[in-house]
Amino acid sequence: MTKSTKTGRSAITGKFLTQPIGGKKAAKFAQVEGLKMNAASKALSQKLSASGLKGDAYRSEIVKAFKKG
């Protein structure tokens with residue numbers, strides 16, 4: 001199943017609905033902004049992706065890995 005890239009409005013509130021961006025789009029965005037991942041960050045990302053973590057669990061593991069002290 002592919003992710004929907006369709007933008008729409010809520011039938012109830014009339015507000016725009018937003019979808020989270022995927023990893024490929026996030027990488028393109030970072031590249032445009034001039035951000036580059038170092039080797040340690042890439043390795044961590046691949047390790048966490050391979051273990052099947054997604055969403056909040058993925059983000060919390062990244063925060064734990066780079067937290068000082």
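This report describes the confidence, secondary structure, helix packing and salt bridges of a predicted protein model.

**Confidence and overall make-up**

The protein chain has an average pLDDT of 80, and 88% of its residues score at least 70. Among the elements, the lowest mean pLDDT, 72, belongs to strand S1 (residues 8-9), while helix H3 (residues 55-66) has the highest, 89. Where pLDDT is low, predicted coordinates should not be read in detail.

The secondary structure amounts to 3 helices and 2 strands. In sequence order, the pattern is β-β-α-α-α. The chain has 69 residues, of which 10% count as buried.

**Strand S1 and helix H1**

Strand S1 contains Arg-9. The relative accessible area of Arg-9 is 54%, so this residue is classed as exposed, the class that starts over 50%. Leaving aside residues up to four places away in sequence, Arg-9 touches Gly-14, Lys-15, Phe-16 and Leu-17. These contacts involve a residue of the element with the lowest mean pLDDT.

Helix H1 spans residues 23-32 and is hardly covered, since 0 of its 10 residues are buried. Just after H1 comes Gly-34, whose phi is positive, at about 85 degrees.

**Packing of H2 and H3**

Helix H2 covers residues 39-50 and packs against H3. The angle between the two is about 145 degrees, and their axes lie 11 Å apart. The crossing of H2 past H3 is right-handed. On the H2 side, the residues in contact are Ser-41, Leu-44, Ser-45, Leu-48 and Ser-49. They meet Tyr-58, Glu-61, Ile-62, Ala-65 and Phe-66 of H3. Sorted by class, this contact comprises 6 nonpolar, 3 polar and 1 charged residues. Glu-61, listed on the H3 side of the contact, also takes part in a salt bridge with Lys-64.

**Salt bridges**

The structure holds 2 salt bridges. The table gives the partners and the distance between their closest N and O atoms.

| Acidic residue | Basic residue | Closest N and O atoms |
|---|---|---|
| Asp-56 | Arg-59 | 2.8 Å |
| Glu-61 | Lys-64 | 3.4 Å |

Asp-56 and Arg-59 both belong to helix H3 and are 3 residues apart, about one turn of the helix. Glu-61 and Lys-64 are likewise 3 residues apart in H3, which means that about one helical turn separates them.

How accessible are the partners, buried or exposed? Asp-56 is exposed, with a relative accessible area of 60%. Its partner Arg-59 is partly exposed at 49%. In the other pair, Glu-61 is partly exposed, with 29% relative accessibility, whereas Lys-64 is exposed at 57%. Because buried means under 20% relative accessible area, neither Glu-61 at 29% nor Arg-59 at 49% falls in that class.

**Summary**

Helix H3 holds the pair Asp-56 and Arg-59 as well as the pair Glu-61 and Lys-64, and H3 packs against H2 with axes 11 Å apart. H3 also has the highest mean pLDDT among the elements, at 89. Helix H1, by contrast, has a count of 0 buried residues.

Key:
Residues are numbered from 1 along each chain as its sequence is written. This is a predicted model: local features need pLDDT of at least 70, side-chain atom pairs count only at pLDDT 80 or more; totals for chains, interfaces and linings use all residues. Side-chain values use heavy atoms; hydrogens and water are left out. pLDDT is the predictor's confidence in each residue, from 0 to 100. Helices (H or I, at least four residues) and strands (E, at least two) are DSSP runs, numbered from the N terminus. A salt bridge is a side-chain nitrogen of Lys or Arg within 4 Å of a carboxyl oxygen of Asp or Glu. Buried means under 20% relative accessible area, exposed over 50%, partly exposed in between (1.4 Å probe, protein chains only). Contact means heavy atoms within 4.5 Å. Axes are lines fitted to C-alpha atoms, for helices over the stretch in contact, and angles run from 0 to 180 degrees between N-to-C directions. A crossing is left-handed if the near helix is turned anticlockwise from the far one by less than a right angle, and right-handed if clockwise. Ala, Val, Leu, Ile, Met, Phe, Trp, Tyr, Cys and Pro count as nonpolar, Asp, Glu, Lys and Arg as charged, and the others, Gly among them, as polar.
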